Amino acid sequence: YQSAQRRTRSSNFYRKYRKLHHELCDLVEDFGLLSFLPLSIQDAESVGRVVARVDKCNGYVFLKEYGGGSSFKSNTNFQDM
């Protein structure tokens, strides 16, 4: 692992894009652009929460003219997300 890390850090690509990488990481952290949800594939409620969140994030719940909205029935309130 350490030798791979040394090779990566000495590469031209790493040196060129290091600052960009750090700035993107700061942006994601500062604006909460990344979140995690617990998922238990055997728990229908857990799966429903994940499906509802994915549908909201990709805009599918807002496309009613195309039959939008999850076919999975969930009691999730979208304003809590």
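How many residues does helix 2 have, and how far does helix 2 reach from its first C-alpha to its last? In this predicted model, helix 2 covers residues 12-30, a run of 19 residues. Its first and last C-alpha atoms lie 28 Å apart, close to the 27 Å expected at 1.5 Å a residue. The helix nevertheless carries a kink of about 50 degrees, and Arg-18 is at the centre of this kink. Just beyond the helix comes Gly-32, a residue with a positive phi, near 60 degrees.

Helix 2 is also the place to look for aromatic contacts. One aromatic pair is present in the structure, and its partners are Phe-13 and Tyr-17. A pair of aromatic rings is described by the distance of the centres and the angle of the planes. For Phe-13 and Tyr-17, the centres are 4.8 Å apart and the planes make an angle of 45 degrees, a tilted arrangement. Both residues belong to helix 2 and are four residues apart, about one turn of the helix. An α-helix has 3.6 residues a turn, so residues three or four places apart point the same way. The two partners can also be described by their accessibility: Phe-13 has a relative accessibility of 61% and therefore counts as exposed, whereas Tyr-17, at 34%, is partly exposed.

Phe-13 and Tyr-17 reappear in a nonpolar patch on the surface. The patch also takes in Leu-20, Leu-24, Leu-27, Val-28, Phe-31, Leu-33, Leu-34 and Phe-36, and its members together offer about 1,100 Å² of accessible area. One of them, Leu-33, sits in the loop that runs between helix 2 and helix 3. Leu-33 has a relative accessible area of 55%, so this residue is classed as exposed, the cut-off being over 50%.

Helix 3, which spans residues 44-57, brings a charged contact into the picture. Side chains of opposite charge can pair when their charged atoms come close. The structure holds one salt bridge, and it joins the side chains of Glu-45 and Arg-49, with an N to O distance of 3.5 Å. Glu-45 and Arg-49 are about one helical turn apart because four residues separate their positions in helix 3. As for solvent, Glu-45 is exposed, with 57% relative accessibility, while Arg-49 is partly exposed at 35%.

Key
Residues numbered from 1 in each chain as written. Predicted model: local features only at pLDDT ≥ 70, side-chain atom pairs only at ≥ 80, totals over all residues. Heavy atoms only, no water. Helix = DSSP H or I, 4+ residues; strand = E, 2+ residues; numbered from the N terminus. Expected span 1.5 Å × (residues − 1). Bend = angle between axes of the 7 residues up to and from the residue. Phe/Tyr/Trp six-rings, centres within 6.5 Å; stacked < 30°, edge-to-face > 60°. Buried < 20%, exposed > 50% of the residue type's maximum accessible area, 1.4 Å probe, protein only. Patch = residues over 30% accessible without salt bridge, like charges linked within 9 Å, V, L, I, M, F, W, Y side chains within 5 Å. Areas by Shrake-Rupley, 256 points an atom, 1.4 Å probe, with all protein chains shown as cover. Salt bridge = Lys/Arg side-chain N within 4 Å of Asp/Glu carboxyl O.
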